[in-house]
Amino acid sequence: QGQLVESGGGLVQPGGSLRLSCAAPRMITSVFNTLTMAWYRQVAGKQRELVANISRSGTTTYTDSVKGRFTISRDNSRKRVYLQMNNLKPEDTAIYYCKSTDPRGSGHWGQGTQVTVSS
């Protein structure tokens with residue numbers, strides 16, 4: 001039931017935009033509403049880093065490098081979380097992962113979606 005499915009990655013030119021989506025198709029809506037949701041990214045050979053997260057109440061946090069460019073949001077009725085990425089830079093190239101964390105601290109990861117920013 002904790003399965004997460006990401007979509008929306010792809011190839012984009014510098015300065016372009018992408019919108020990532022993370023769905024929890026098998027999750028009960030009342031459970032999804034209790035989760036903290038987050039987007040992480042990872043470049044080969046480097047540690048996975050937190051990009052943004054959103055609490056069950058809608059409070060958001062961002063890593064400094066994406067502030068003002070990325071926006072995380074959630075639609076509880078659709079059991080989805082989004083990452084709107086604007087003004088993309090080559091250094092944003094990575095595999096982006098969705099993660100859920102329940103109030104007990106248990107988490108699930110999605111399979112990841114590749115984002116490539118290149119001219």
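Student: Which residues of strand 7 (residues 70–75) are on its covered face?

Tutor: This is a predicted model. In a regular strand the side chains alternate between the two faces of the sheet. On strand 7, Thr71, Ser73 and Asp75 make up the uncovered face. The covered face holds Phe70, Ile72 and Arg74.

Student: How many bridges join strand 7 to strand 8?

Tutor: Strand 7 and strand 8 form a hairpin, with four residues between them. Lys79 sits in the turn and has a positive phi of about 55 degrees. The two strands run antiparallel, and the number of bridges joining them is six.

Student: Which residue in strand 8 stands opposite Thr71?

Tutor: Thr71 belongs to the uncovered face of strand 7. Its partner across the pair, in strand 8, is Gln84.

Student: Is Arg41 buried or exposed?

Tutor: Buried means under 20% relative accessible area. Arg41 has a relative accessible area of 6%, so Arg41 counts as buried.

Student: How far apart in sequence are the parts that Arg41 and Asp92 tie together?

Tutor: Side chains of opposite charge can pair when their charged atoms come close. Arg41 and Asp92 meet in a salt bridge, at 3.0 Å from N to O. Arg41 lies in strand 4 (residues 36–42), while Asp92 is in the loop between strand 8 (80–85) and strand 9 (94–101). The pair therefore ties together parts whose separation in sequence is 51 residues.

Student: Which residues are linked with Arg41 in a network of salt bridges?

Tutor: Arg41 forms a salt bridge with Glu49, with the closest N and O atoms 2.6 Å apart. Glu49 is partly exposed, at 31% relative accessibility. Asp92 also pairs with Arg41. The network links Arg41 with Glu49, Arg69 and Asp92.

Student: In the salt bridge of Arg104 and Asp102, which residue is buried?

Tutor: The two side chains meet at 3.2 Å, N to O. Arg104 has a relative accessible area of 74%, so Arg104 is exposed. The value for the other partner is 16%, so the buried residue is Asp102.

Student: How many residues has the largest nonpolar core?

Tutor: Met37, Trp39, Leu83, Met85 and Tyr96 have the most contacts inside this core. Several strands each supply at least two of its residues, among them strand 3 (18–23), strand 5 (49–54) and strand 11 (113–117). The number of residues in the core is 26.

Student: Which residue of strand 7's covered face, besides Arg74, is in contact with Met37?

Tutor: That face holds Phe70, Ile72 and Arg74. Leaving aside neighbours within four places in sequence, the contacts of Met37 include Leu4, Cys22, Arg74 and Ile72. The residue asked for is Ile72.

Notes. Residues are numbered from 1 along each chain as its sequence is written. This is a predicted model: local features need pLDDT of at least 70, side-chain atom pairs count only at pLDDT 80 or more; totals for chains, interfaces and linings use all residues. Side-chain values use heavy atoms; hydrogens and water are left out. A salt bridge is a side-chain nitrogen of Lys or Arg within 4 Å of a carboxyl oxygen of Asp or Glu. Buried means under 20% relative accessible area, exposed over 50%, partly exposed in between (1.4 Å probe, protein chains only). Two strands pair if DSSP finds at least two bridges between them. A nonpolar core is a set of buried Ala, Val, Leu, Ile, Met, Phe, Trp, Tyr and Cys residues joined through side-chain atoms within 4.5 Å. Contact means heavy atoms within 4.5 Å.
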